Amino acid sequence: MNREQYMKLLKKRLRHLPKDEFEKAVAYFEEYFDDAGEAREREAIADLGMPDEAAAQIIQDIAIKNTAKPPQSVKNGMNAVWVGILALFAAPFTIPFFAAALAVGFVMVVLAVLTLLLLFLAGLLLVICGPVAFAGGFFVIGQSIPAALICFGRGIAATGAGLLLMQGMYLLIRRSLGWLVQIFGKMVEKGGK
């Protein structure tokens with residue numbers, strides 16, 4: 001038996017080992033043969049023993065090593081117990097904090113919506129008051145032409161500013177609602193998965 005035949009049989013016997021253990025064992029035997037050299041290949045095989053015996057010894061050593069380690073699932077189970085205990089003791093602090101954060105968030109959203117609504121209503125009032133001021137210019141034209149021109153100018157400016165404000169608030173409200181729909185849609189999608 002030569003080195004190639006020996007390694008082929010050894011690999012066949014060790015093929016069921018985990019990959020890292022398999023690679024360590026094969027590397028050890030390859031290094032052993034490399035150190036011995038071609039001239040002492042037969043002596044190396046005699047020192048290592050038959051491939052079946054060497055593979056059995058490696059598997060036995062790995063089994064003993066693995067039984068000495070505590071199982072990973074117990075460790076993970078203990079971590080879960082500690083997390084549960086910490087959550088239980090943290091609940092009196094986190095629940096009120098979470099509720100307060102939700103309340104503050106809700107109030108901020110309500111204030112933002114009310115601000116947008118009030119700006120929209122301000123624009124609507126300017127649109128209504130603008131023509132009234134413009135019409136008022138006709139009533140004072142006989143008494144004072146400069147006062148009538150001021151009323152005409154204020155009426156046109158108020159109507160224009162009101163239309164611009166209403167258009168801006170309409171677009172902002174529409175975009176904000178679209179943004180909120182996207183956020184809640186993503187939250188619902190994540191919750192469903």
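## What lines the largest pocket

Start with the chemistry of the lining: in this predicted model, the residues around the largest pocket split into 9 nonpolar and 1 polar, with no charged ones. The pocket itself has a volume of about 230 Å³.

Here's the roll call. Val 109, Ala 112, Val 113, Leu 116 and Leu 117 are part of the lining, and so are Ile 173, Ser 176, Leu 177, Trp 179 and Leu 180. Two helices show up here: helix 5, running over 72–140, and helix 6, running over 145–192, each supply at least two of the lining residues.

## Aromatic pairs

Searching the whole structure turns up 7 aromatic pairs. Take Tyr 6 and Phe 29: their ring centres sit 6.2 Å apart with the planes at 35 degrees, so this pair goes down as tilted. It links distant parts of the chain, with Tyr 6 in helix 1 (residues 3–14) and Phe 29 in helix 2 (residues 19–36), 23 residues apart. Both partners are buried: Tyr 6 has a relative accessible area of 0%, and Phe 29 comes in at 4%.

Now for Phe 134 and Phe 138. Their ring centres are 5.7 Å apart and the planes meet at 85 degrees, so that pair is edge-to-face. The two residues are 4 apart in helix 5, which puts about one helical turn between them. As for solvent, Phe 134 is partly exposed at 30% relative accessibility, while Phe 138 reaches 52% and counts as exposed, because the cut-off for that class is over 50%.

## A ring cluster

Which residues do ring pairs link into a cluster? The members are Tyr 6, Tyr 28, Phe 29, Tyr 32 and Phe 33. Tyr 6 and Phe 29, the tilted pair from above, therefore belong to this cluster too.

## Cysteines

How many disulfides does a search of the whole structure find? The count is 0. If you're curious about solvent access at particular cysteines, Cys 129 is partly exposed, with a relative accessible area of 45%. Cys 151 also falls in the partly exposed class, at 23% relative accessibility; it isn't called buried because that label needs a value under 20%.

Definitions and conventions: Residues are numbered from 1 along each chain as its sequence is written. This is a predicted model: local features need pLDDT of at least 70, side-chain atom pairs count only at pLDDT 80 or more; totals for chains, interfaces and linings use all residues. Side-chain values use heavy atoms; hydrogens and water are left out. On a 1 Å grid over the protein atoms alone, a cavity is a set of points where a 1.4 Å probe fits but cannot get out, and a pocket is an open set with protein on both sides within 12 Å along at least five of seven lines; lining residues have an atom within 4 Å of a point. Grid points are joined across faces, edges and corners, and a volume is the space filled by probe spheres set on the points. Ala, Val, Leu, Ile, Met, Phe, Trp, Tyr, Cys and Pro count as nonpolar, Asp, Glu, Lys and Arg as charged, and the others, Gly among them, as polar. Rings of Phe, Tyr and Trp (its six-membered ring) pair if their centres lie within 6.5 Å; planes under 30 degrees apart count as stacked, over 60 as edge-to-face and the rest as tilted. Buried means under 20% relative accessible area, exposed over 50%, partly exposed in between (1.4 Å probe, protein chains only). A disulfide is a pair of cysteine sulfur atoms within 2.5 Å.
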